[in-house]
Amino acid sequence: MFCPFCHHEDSRVVDTRTSDDGQVIRRRRECPSCERRFSTQETATLMVVKRSGTTEPFSREKIISGVGRACQGRPVTHDQLAVLAQKVEETIRASGTAQIDSQDVGLAILDPLRELDTVAYLRFASVYSNFETLDDFDQAIDELRSSRAQAAGEDD
């Protein structure tokens with residue numbers, strides 16, 4: 001790490017701290033040459049491979065805006081969408097890969113969205129899974145009903 005002041009090619013780490021969400025490491029450094037201190041931040045970059053083959057950095061904001069469209073008119077707050085986006089990112093990062101297909105990002109959205117709002121889930125799934133007929137909707141609704149019935153049976 002070059003010193004930003006004197007451009008000396010070495011520095012000493014004085015302090016290391018992680019951010020609240022654990023995604024960023026902040027290091028306080030000191031230059032042995034000029035003895036000035038400076039901070040650096042380290043992040044692990046997660047890249048999304050789109051259908052076209054291009055890659056872009058993972059963005060919670062894109063998750064929030066995409067799922068937000070499915071939640072229009074539903075009793076879902078921005079904070080709930082932010083938590084959903086965080087869960088999705090945590091799920092993806094837990095896979096341990098540096099690149100993930102956009103298809104896999106969509107799959108990671110489905111389960112938390114189903115728990116948040118079933119109508120928004122159907123809206124998102126209908127676009128994401130390319131529902132083409134009413135039978136596709138019927139099948140998705142039947143799956144929701146059976147999972148809800150199983151959950152109710154487990155609660156008893």
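In this predicted model, the side chains of Lys50 and Glu56 form a salt bridge, with N and O 3.6 Å apart. Both partners have intermediate accessibility. Lys50 is partly exposed, at 31% relative accessibility. Glu56 is also partly exposed, at 22%.

The count of salt bridges comes to 10. One of them joins Arg17 to Asp15, with an N to O distance of 2.9 Å. Here Arg17 is exposed, at 53% relative accessibility. Asp15 is partly exposed, with a relative accessible area of 27%. Another bridge links Glu89 and Arg93, again through side chains, at 2.9 Å from N to O. These two residues lie in helix H2, which spans residues 78-94. They are 4 residues apart, so about one helical turn separates them. Glu89 is buried, with a relative accessible area of 7%. Arg93 is partly exposed, at 25%. Elsewhere, Arg12, Glu30 and Arg37 are joined into one network by salt bridges that share partners.

Arg29 presents another case. This residue sits in strand E2, residues 24-30. Arg29 is buried but has no salt bridge. The nearest side chain of opposite charge belongs to Glu42, 4.0 Å away. The side chain of Arg29 does make a polar contact with that of Thr40, at 3.2 Å.

Pockets were examined next. The largest has a volume of about 660 Å³. Its lining comprises 24 residues. Lys62, Ser102, Val105, Ile109 and Phe124 are the lining residues nearest the centre of this pocket. Four elements each give two or more residues to the lining: strand E5 (55-57), helix H1 (60-70), helix H3 (102-116) and helix H4 (118-128). H1 contributes the most, with 7 residues. By residue class, the lining of the largest pocket holds 11 nonpolar, 7 polar and 6 charged residues.

The second largest pocket encloses about 180 Å³ of space. Arg114, Thr118, Leu122, Ile141, Leu144, Arg145, Ser147, Arg148 and Ala151 form its lining. H4 and helix H5 (134-155) each supply at least two of these residues. H5 provides the largest share, 6 residues. The lining of the second largest pocket divides into 4 nonpolar, 2 polar and 3 charged residues.

Helix H4 thus recurs in the description, as it gives residues to the lining of the largest pocket and to that of the second largest. The buried residues of H4 are Ala120, Tyr121, Leu122, Phe124, Ala125, Ser126 and Tyr128. Of these, Phe124 is among the residues nearest the centre of the largest pocket, while Leu122 lines the second largest. The N-terminal end of H4 is capped by Asp117. A side-chain oxygen of Asp117 lies 3.1 Å from the backbone nitrogen of Val119. After H4 comes Asn130, with a positive phi near 55°.

Two further residues have backbone angles of this kind. Most residues other than glycine have a negative phi. His7 has a positive phi, near 65°. This residue lies in the segment before strand E1 (12-18). His7 is exposed, with a relative accessible area of 57%. Glu35 also has a positive phi near 65°. Glu35 belongs to the loop between E2 and strand E3 (37-43). Its relative accessible area is 59%, so Glu35 counts as exposed.

In helix H5, the position of Ala152 was also examined. Ala152 is partly exposed, at 41% relative accessibility. Asp142 is 10 residues away from Ala152 in sequence. The C-alpha atoms of Ala152 and Asp142 are 15 Å apart in space.

Technical notes
Residues numbered from 1 in each chain as written. Predicted model: local features only at pLDDT ≥ 70, side-chain atom pairs only at ≥ 80, totals over all residues. Heavy atoms only, no water. 1 Å grid on protein atoms, 1.4 Å probe; cavity = no way out; pocket = protein on both sides within 12 Å on 5 of 7 lines; lining within 4 Å. Points joined across faces, edges and corners; volume = space filled by probe spheres on them. Nonpolar A, V, L, I, M, F, W, Y, C, P; charged D, E, K, R; others polar. Buried < 20%, exposed > 50% of the residue type's maximum accessible area, 1.4 Å probe, protein only. Lys, Arg positive; Asp, Glu negative; His and termini not counted. Polar contact = N/O pair within 3.5 Å; in protein donor to acceptor, adjacent residues only side chain to side chain.
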